[in-house]
Amino acid sequence: MTTQRWRRRAYGVALLAAATFVFAACADNSEHEQNGLEPHGPVARKQLDLLTPWVVVAAVIGIAVVSATVFFALKYRERPGNENPKQIHGHSGLEITWTIIPAVIMVAMAVPTVSLIWELDKKPADALEVTVYGKQWWWEYQYTNLDTVSADIDYQVNTANELHIPAGRPVYLTLRSTNVIHSFWVPSLAGKKDVTPGRDNHMWLEADPEEAGKVFYGQCAEYCGLSHADMRLRVVVDSPEDFAAWVESQHEVWSEERVAQAADLGITTTWGCTACHYLGGVDPAVDTDITDTDAKTGENARFGPNLTHLADRSSFAGAKYDLYDENGNPDVDALTNWIWHAPERKPAQCNKPVAASGTRCVGMPNFEKSGMTQADAAAIARFLLELDQ
Ligand code: CUA
């Protein structure tokens with residue numbers, strides 16, 4: 001080979017190495033990072049502990065195979081005087097050896113893997129139970145055994161996108177979908193699991209006690225349509241006291257005054273938000289049972305998130321946008337734009353006015369096309385953020 005070709009190759013390798021460092025520098029080092037290599041709870045830690053030794057074994061085998069390939073390719077390359085090496089095709093001893101060694105490695109891998117699968121498949125004792133509904137394109141959470149938080153709690157709590165969990169307590173999730181296949185994934189707390197229609201899947205996760213006050217990010221990990229990439233989620237880890245307080249706050253419904261204001265703003269009248277969203281206090285019949293209706297069949301299932309306590313969350317639109325800026329001030333403009341013309345803020349299958357006939361809408365309709373003015377949208381945004389008009 002000519003020197004020039006070698007030089008070109010050397011440049012290529014150098015470029016690749018440089019790119020590796022540049023891309024590695026792009027890694028998110030924030031405390032929210034979605035990084036299964038930095039576990040913050042027992043489930044993620046057990047999964048990582050299972051993975052790590054086998055990555056080492058795989059790396060050793062990989063390096064050995066590639067090195068041997070390069071070594072022999074160079075040693076026996078075509079050149080004057082270089083004879084063919086001794087042929088070993090059909091050598092029984094060698095063939096048995098390289099069949100048995102991988103088989104032994106596979107068995108050695110299978111034993112701890114299968115036993116961890118079985119271990120994590122068991123419902124932990126004293127778990128908080130949450131049913132997770134994968135929606136297009138957001139997450140709904142229904143807390144079903146809050147009487148284990150306090151004996152006098154006889155209600156369930158329903159919220160969206162941001163899962164509050166008490167630090168140091170296992171949380172057992174029932175994963176359910178009424179539409180397509182999603183996958184629930186919070187890398188720092190647990191590996192992913194599919195959320196499939198027609199079948200309940202289960203998983204559990206837990207955050208270490210010292211993680212109280214932290215927020216971990218996650219996302220849908222199974223392609224589920226147009227806004228799959230925007231089907232994000234956050235797990236808010238509370239101290240047990242903060243969690244109990246949060247549960248209580250989520251049970252409160254709007255005052256009569258607030259319900260009247262919602263009607264004046266068109267929320268429960270002109271714009272018909274209750275067709276998709278639960279708004280506590282508006283309909284007492286719904287307040288008594290806020291579970292997702294017929295969740296297994298998908299019939300009458302709720303299309304949009306519970307907005308009663310939207311201002312308590314840190315994000316909206318499937319956790320795509322922050323509700324507050326870094327100084328803690330509410331981002332009224334962001335929420336206004338979302339309410340006014342949501343399909344331009346997040347791809348949806350329905351960039352149409354509300355109640356357009358003959359269309360199956362997935363996602364927020366376009367209220368700008370429905371005759372809503374920007375001022376209308378801003379007033380609704382301020383109302384949902386619990387600000388003065
Ligand atoms: Cu839900 Cu991807």
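**View 1. D230, a buried acidic residue, and its partner R232.** D230 is buried, at 9% relative accessible area. The model shown here and in every view below is predicted. The side chain of D230 meets that of R232 in a salt bridge, with 3.2 Å from N to O. R232 is partly exposed, and its relative accessible area is 32%. The pair thus joins a buried aspartate to a partly exposed arginine.

**View 2. The salt bridge between K135 and E140.** The two side chains meet at 3.7 Å, N to O. The cut-off for a salt bridge is 4 Å, so this pair counts. How accessible is E140? Its relative accessibility is 0%, and E140 counts as buried. K135 is buried as well, at 3% relative accessibility.

**View 3. A network of salt bridges around K135 and E140.** Four residues are linked here: K135, E140, D292 and R302. Two of these members have appeared already as the pair with an N to O distance of 3.7 Å. Within the network, K135 is buried, and E140 is buried too.

**View 4. E119 and K46, a salt bridge between two helices.** The side chains of E119 and K46 meet at 2.5 Å, N to O. E119 belongs to helix α3, residues 92-121, and K46 to helix α2, residues 42-75, so the salt bridge ties together parts 73 residues apart in sequence. Are these side chains buried or partly exposed? E119 is partly exposed, at 36% relative accessibility. K46 is also partly exposed, with a relative accessible area of 31%.

**View 5. C273 and its closest cysteine sulfur.** Which cysteine holds the sulfur closest to that of C273? The answer is C276, at 8.7 Å. A disulfide needs the sulfur atoms within 2.5 Å, so C273 and C276 are too far apart for a bond. C273 is buried, with a relative accessible area of 18%. The limit for buried is under 20%, so C273 falls within that class.

**View 6. C224, a buried cysteine.** The relative accessible area of C224 is 4%, and the residue is buried. How many disulfides does a search of the whole structure find? The count is zero. For salt bridges, the search of the whole structure gives 12. Among them are E119 with K46, K135 with E140, and R232 with D230.

Definitions and conventions: Residues numbered from 1 in each chain as written. Predicted model: local features only at pLDDT ≥ 70, side-chain atom pairs only at ≥ 80, totals over all residues. Heavy atoms only, no water. Helix = DSSP H or I, 4+ residues; strand = E, 2+ residues; numbered from the N terminus. Buried < 20%, exposed > 50% of the residue type's maximum accessible area, 1.4 Å probe, protein only.
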